[in-house]
Amino acid sequence: GRQGKGIQEAKFVGVPGSPGAAVGTAVVMLPPADLDVVPDKTITDITAELGLFKTAIEGVRADMRALSAKLANQLRPEERALFDVYLMMLDDASLGSEITTVIKTGQWAQGALRQVVTEHVNRFELMDDAYLRERASDVKDLGRRLLAYLQEERQQTLVYPDNTILISEELTPAMLGEVPEGKLVGLVSVLGSGNSHVAILARAMGIPTVMGLVDLPYSKVDGIQMIVDGYHGEVYTNPSDVLRKQFAEVVEEEKQLSLGLDALRDLPCVTLDGHRMPLWVNTGLLADVARAQKRGAEGVGLYRTEVPFMINQRFPSEKEQLAIYREQLSAFHPQPVTMRSLDIGGDKSLSYFPIKEDNPFLGWRGIRVTLDHPEIFLVQTRAMLKASEGLNNLRILLPMISGTHELEEALHLIHRAWGEVRDEGTDVPMPPIGVMIEIPAAVYQTKELARQVDFLSVGSNDLTQYLLAVDRNNPRVADLYDYLHPAVLQALQNVVRDAHAEGKPVSICGEMAGDPAAAVLLMAMGFDSLSMNATNLPKVKWMLRQINLSKAKELLAELMTIDNPQVIHSSLQLALKNLGLARMINPASAKTL
Ligand code: PEP
Ligand code: MG
């Protein structure tokens with residue numbers, strides 16, 4: 001129903017790519033040259049044509065290196081490797097040689113380029129795997145860049161406004177580097193998802209991003225004012241003054257907050273009545289490490305190991321994994337680092353390990369995949385154990401466990417890997433092992449699972465989707481996705497009760513833990529630690545330092561008697577307001593009000 005509203009004040013709904021809000025000016029990055037309309041043309045001077053093509057390749061190569069260097073201090077080498085992929089594709093052995101071959105048949109360089117690129121793009125676009133389809137955009141981007149050189153009309157240098165919101169039909173990693181540092185405040189891509197390379201990079205760089213904004217008439221929005229709401233995956237074009245002001249306040253508040261909150265860095269997270277609440281971080285990219293340390297995290301509650309796997313072009317070897325894990329473990333040492341075993345499937349796929357299913361979230365995911373492929377699990381566990389040698393701050397966490405049989409199988413494999421690395425001379429103790437509670441079946445088996453492990457961690461993102469039968473990635477049912485739903489709160493409270501009955505600590509690492517208002521309730525339930533993204537950590541700390549545990553428990557008891565989610569939301573907001581704590585209420589938790 002949004003079509004036709006054009007560029008008037010309108011709201012467009014996509015999917016969240018990277019959290020945060022931004023108000024700024026839209027800069028549309030059009031493809032610099034249109035490959036599709038290049039005609040065929042026969043040439044006689046093949047040598048001259050090959051020379052032209054070589055110059056174009058060198059130009060693009062130099063551009064790529066410059067972009068990569070520009071992003072050097074923002075991305076880890078592994079993330080920058082995306083640019084190496086581009087460079088590799090230009091190699092003589094790859095795209096480059098195919099194009100050269102066509103030129104040698106008498107086709108001009110532009111025509112040869114169109115032919116080869118189109119073939120590759122078509123092949124990639126036919127693939128079922130979302131990650132592989134993303135490769136098509138990389139090839140297209142390269143093709144456009146080469147064409148621009150061949151047509152000697154490289155993208156004229158744009159003048160970027162101070163608060164640039166970069167928009168493209170298909171944002172690519174390379175485009176991120178085009179905007180001078182400090183000017184880029186938001187990103188919008190018409191195509192792609194939160195899985196796209198560009199979204200992964202945007203999160204690492206902390207730039208609010210909306211992906212998959214398919215209804216946006218992007219070619220008409222250049223220069224207009226725009227709001228990017230990366231929390232909810234929404235964009236407002238030509239926002240009213242009221243709305244602009246509202247979001248400008250959110251942005252300014254975020255800025256002031258993070259400045260003001262810097263002061264909290266070295267203070268403990270302790271309530272007014274002296275209750276200590278350890279705050280941990282979720283990580284995945286190297287950029288997270290620096291941010292976590294700046295914000296006073298006490299450990300890593302969830303290291304999503306699939307992130308380095310997703311960035312790679314093939315399964316990383318044991319040695320490569322060891323190096324990546326070692327980096328995490330030593331960065332946080334002596335604080336504990338909780339490494340989750342590979343959690344692919346669902347919406348997280350690897351280009352080199354495609355999984356095609358009708359119901360991926362109810363399918364071959366997480367531990368199900370790695371138990372079917374013990375070689376993957378063993379290599380990963382061995383790498384983790386070896387990486388921890390001399391540091392001994394590793395904890396291993398198992399995702400998507402639905403019952404004790406899976407846990408026992410995984411524990412068996414971990415012990416086997418431990419025996420192997422010790423036989424090979426690695427001196428490392430058995431790390432604490434934990435299980436994620438994120439499938440409803442696990443909620444009802446908390447005690448049985450707890451008996452066999454050292455700790456538990458609730459994955460409220462998945463637990464919410466499975467309890468409420470609401471696909472966490474489907475924008476159509478996003479309003480029904482609610483971690484403050486009474487059923488979710490009941491489940492969480494039961495998990496804490498049962499874990500503690502077995503004398504085991506229980507943490508929570510879903511997005512909910514980073515919502516300051518929800519964190520009050522989680523603390524009251526008795527969670528032993530909260531793990532969240534580094535951005536939200538200071539806000540949660542601020543909130544918990546302003547409240548009494550006894551007050552939080554009263555509030556929880558009151559909310560647990562309410563059966564209507566809306567009333568739970570409004571009662572929570574009201575109670576925090578009455579305590580003078582409204583300032584830190586997260587836009588995400590205020591959303592359903
Ligand atoms: C969760 O499900 O809550 C969780 C922390 O894991 P992920 O979001 O990676 O599925
Ligand atoms: Mg999960």
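The following questions and answers walk through a predicted model, beginning with its ligand and moving on to its strands, loops and helices.

This is a predicted model in which local features need pLDDT of at least 70 and side-chain atom pairs count only at pLDDT 80 or more, while totals for chains, interfaces and linings use all residues. Residues are numbered from 1 along each chain as its sequence is written, chains are lettered from A and ligands numbered from 1 in the order in which they are written, and side-chain values use heavy atoms, with hydrogens and water left out.

Student: How many residues surround ligand 1?
Tutor: A residue is counted as near a molecule if one of its heavy atoms lies within 4 Å of it. The closest residues to ligand 1 are Arg304, Arg340, Gly459, Asn461 and Arg472. The number of residues that surround ligand 1 is 14.

Student: Which helix gives the largest share of the shell around ligand 1?
Tutor: Helices (H or I, at least four residues) and strands (E, at least two) are DSSP runs, numbered from the N terminus. Strand 10, residues 300-304, and helix 17, residues 460-468, each supply at least two residues of this shell. The largest share, three residues, comes from helix 17.

Student: How many residues of the shell around ligand 1 are charged?
Tutor: In this classification Ala, Val, Leu, Ile, Met, Phe, Trp, Tyr, Cys and Pro count as nonpolar, Asp, Glu, Lys and Arg as charged, and the others, Gly among them, as polar. The shell has three nonpolar and four polar residues, and the number of charged residues is seven.

Student: How much of the area that ligand 1 exposes when taken alone does the protein bury?
Tutor: A polar side-chain atom of aspartate 462 lies 3.0 Å from an oxygen atom of ligand 1, and for arginine 340 the corresponding distance, again from a polar side-chain atom to an oxygen atom of the ligand, is 2.8 Å. Accessible areas come from the Shrake-Rupley method with a 1.4 Å probe, and for residues only the protein chains shown count as cover. Taken alone, ligand 1 exposes 290 Å², and the share of this that the protein buries is 99%.

Student: Why is strand 13 described as largely enclosed by the rest of the structure?
Tutor: Buried means under 20% relative accessible area, exposed means over 50%, and partly exposed lies in between (1.4 Å probe, protein chains only). Both faces of strand 13 are covered, with Ile433, Val435 and Ile437 buried on one side and Gly434 and Met436 buried on the other. Strand 13, residues 433-437, is largely enclosed because the number of its five residues that are buried is five.

Student: In what sense do strand 12 and strand 13 pair?
Tutor: Two strands pair if DSSP finds at least two bridges between them. Leucine 397 stands opposite glycine 434 in strand 13. Strand 12, residues 394-398, and strand 13 have three bridges, and their sense is parallel.

Student: Is asparagine 392 buried, partly exposed or exposed, and what is its relative accessibility?
Tutor: Asparagine 392 lies in the loop between helix 13 and strand 12, and it has a positive phi of about 55° although it is not a glycine. Most residues other than glycine have a negative phi. Asparagine 392 counts as partly exposed, because its relative accessibility is 44%.

Student: What is the relative accessible area of methionine 400?
Tutor: Methionine 400 lies in the loop between strand 12 and helix 14, residues 404-423, and its phi is near 60°, a positive value in a residue other than glycine. Methionine 400 is buried, with a relative accessible area of 1%.

Student: Which residue has a side chain joined to that of arginine 382 by a polar contact of 2.9 Å?
Tutor: Arginine 382 is in helix 13, residues 374-387, and counts as buried because its relative accessibility is 11%. A polar contact is a pair of N or O atoms within 3.5 Å; within protein, one must be able to donate a hydrogen and the other to accept it, and residues adjacent in sequence count only if both atoms are side-chain atoms. The residue at 2.9 Å is glutamate 420.

Student: How far apart are the C-alpha atoms of leucine 556 and leucine 521?
Tutor: Leucine 556 is in helix 21, residues 549-559, and is buried, with a relative accessible area of 5%. Contact means heavy atoms within 4.5 Å, and, not counting residues up to four places away in sequence, leucine 556 touches Gln493, Leu521, Ala524 and Met525. Leucine 556 and leucine 521 are 35 residues apart along the chain, and their C-alpha atoms are separated by 5.7 Å.
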